[in-house]
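Visitor: I should like to learn how to read the features of a protein model. Would you guide me through one?

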Amino acid sequence: MELASPPLSERRIVLGITGSIAAYKSAVLARELKRRGAEVRVVMTAGATEFITPLTLATLIDRPVHSDFTEDEHAGVWTNHVELGVWGDLIVVAPATANTLSAMVHGQCENLLQAVLLSARCPVAVAPAMDLDMFTHASTQDNLRILESRGVDIIDPGTGPLASGLVGKGRMAEPKDIADQVEAHFQRTLPWSHKRVLITAGPTQEPLDAVRFLGNRSSGKMGFALASAFADQGALVTLVAGPVSLATPERVHRRIDVSTAVEMNNAVQTCWADMDMGVACAAVADFRPTLTSDSKWHRANMPEAITLEENPDILHGMGQSKSDAQRLVGFALETDEGLDSAKGKLVRKNLDAIVLNTLQDNGAGFAVDTNKVTVLNKNGQALKFDLQAKDELAQKLVDLWRTTLIA
Ligand SMILES: Cc1cc2nc3c(=O)[nH]c(=O)nc-3n(C[C@H](O)[C@H](O)[C@H](O)COP(=O)(O)O)c2cc1C
């Protein structure tokens, strides 16, 4: 089974709409951002509400739209513009009028949207929309240059027939193109952007008969936490998962569910060559029963002994075919201190780093939500991470590998 999570999942976007005829396209943009998984809040200027009703936008984003400083003047209820500016991961002003662009340059605070823009901590993008002479006017061009120099993303308008009847540059970019640029923004600004990462997670199950298998106690939690941390940092994650009962983390690009080591090996082989990095976190069975039965063994027809044959060594295969540009990290679970054994595995399997966890440590290893690990690097460096939640640890490992492996 393959699942893809929407590209803007868990991204919070404040959509600012200003008083341009292009405001009607913002309804399509709001819907498109939602369709791509974003959480959207809308702030409209008074001018924008002349062109499209707040009700239309509120219905599309499934929450009230903000257009005024006060929500209930008599009760003294006001819209917290600072909260909106802090809530968003990105503010997109589309359409952005000449007036609002100018207000942004001069730090005006005459309406709610301007206040949100002034108090925003997140990046801002604007999609100008106006008549061609307004767009080419030196004031507008100067304003755009200033905004760009302050880090605002300018989503270039298109050329074509304008509402004024003239033809030229000034049409707001199409909603789909704006949504593409929003996606690109998140890709660009995250540390693992454009990096393709393959993660294996969970146990494998090697069938004995129709109902029994040889397996292990791996829950997949560490691998899934890593998949989530990599995806949060912008990586394009392919997660190959053994039988686990875990939901696919948000933003993981692709999940391939497998059961046996052979299936996991096949899945890894199909995509490893396209990856920038591999993290082999799965607890793969080294052996599988030589003979399996399609029906259930009963006491009367139980085999006298179970013979085993070797499974493919997935990590070894990845290490052997690894290119100079690829990075590979393995996991080692040992029942004793395990440092020497992990160092041996690092070299034998041609890894760049290995993460050692030992069952000697309380709270580390299988099925628990915490882990305590030592990361050994190819250059002999060893880094210890104290007992902590697997989610937290995953974030630290992803940060570590960004600087030590992919710098
Ligand atoms: C029919 C009509 C269409 C307009 N279209 C635009 C436009 O596309 N771009 C623009 O910058 N201003 C346009 N304006 C002017 C703005 O609405 C006006 O400058 C307003 O003050 C903008 O306020 P705001 O930026 O707070 O929304 C238009 C005005 C009218 C009456």
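The dialogue below takes up overall form, the ligand, the pockets and the backbone.

Guide: This is a predicted model, in which local features need pLDDT of at least 70 and side-chain atom pairs count only at pLDDT 80 or more, while totals for chains, interfaces and linings use all residues. Residues are numbered from 1 along each chain as its sequence is written, and side-chain values use heavy atoms, with hydrogens and water left out.

Visitor: How many helices and strands are there in the protein?

Guide: Helices (H or I, at least four residues) and strands (E, at least two) are DSSP runs, numbered from the N terminus. The protein has 14 helices and 21 strands. Its radius of gyration is 27 Å, well over the 22 Å that the globule rule gives for 407 residues, so the protein is more spread out than a compact globule. That radius is taken over C-alpha atoms, and the rule is 2.2 Å times the number of residues to the power 0.38. The C-alpha trace spans about 85 × 50 × 45 Å along its principal axes.

Visitor: Which residues surround the ligand most closely?

Guide: A residue is near a molecule if one of its heavy atoms lies within 4 Å of it. Here 14 residues surround the ligand, and the closest are G19, T45, T97, T100 and A129. Helix α5 (residues 98-106) gives the most to this shell, with three residues.

Visitor: What classes of residue make up the shell around the ligand?

Guide: Ala, Val, Leu, Ile, Met, Phe, Trp, Tyr, Cys and Pro count as nonpolar, Asp, Glu, Lys and Arg as charged, and the others, Gly among them, as polar. The shell has six nonpolar, eight polar and no charged residues.

Visitor: Which residue has a polar backbone atom 2.8 Å from a nitrogen atom of the ligand?

Guide: A polar contact with the ligand is a pair of N or O atoms within 3.5 Å. The backbone atom in question belongs to A129. Side chains take part as well: a polar atom of T97 lies 2.5 Å from an oxygen atom of the ligand, and one of S20 lies 2.9 Å from an oxygen atom of the ligand. On its own the ligand has 650 Å² of accessible area, of which the protein covers 60%; such areas come from the Shrake-Rupley method with a 1.4 Å probe.

Visitor: What is the volume of the largest pocket?

Guide: On a 1 Å grid over the protein atoms alone, a pocket is an open set of points where a 1.4 Å probe fits, with protein on both sides within 12 Å along at least five of seven lines; lining residues have an atom within 4 Å of a point. A volume is the space filled by probe spheres set on the points. The largest pocket has about 870 Å³. Its lining has 39 residues, with A282, A283, V284, F331 and K345 the closest to its centre. Strand β18 gives the most to that lining, with four residues.

Visitor: Which residues lie nearest the centre of the second largest pocket?

Guide: They are S20, I21, A22, M130 and A163, out of 20 lining residues. This pocket holds about 320 Å³ of space.

Visitor: Is the peptide bond from A94 to P95 cis or trans?

Guide: Most peptide bonds are trans. The bond from A94 to P95 is cis, with omega near 0 degrees, and P95 lies in strand β5 (residues 90-96).

Note on methods
Polar contact = N/O pair within 3.5 Å; in protein donor to acceptor, adjacent residues only side chain to side chain.
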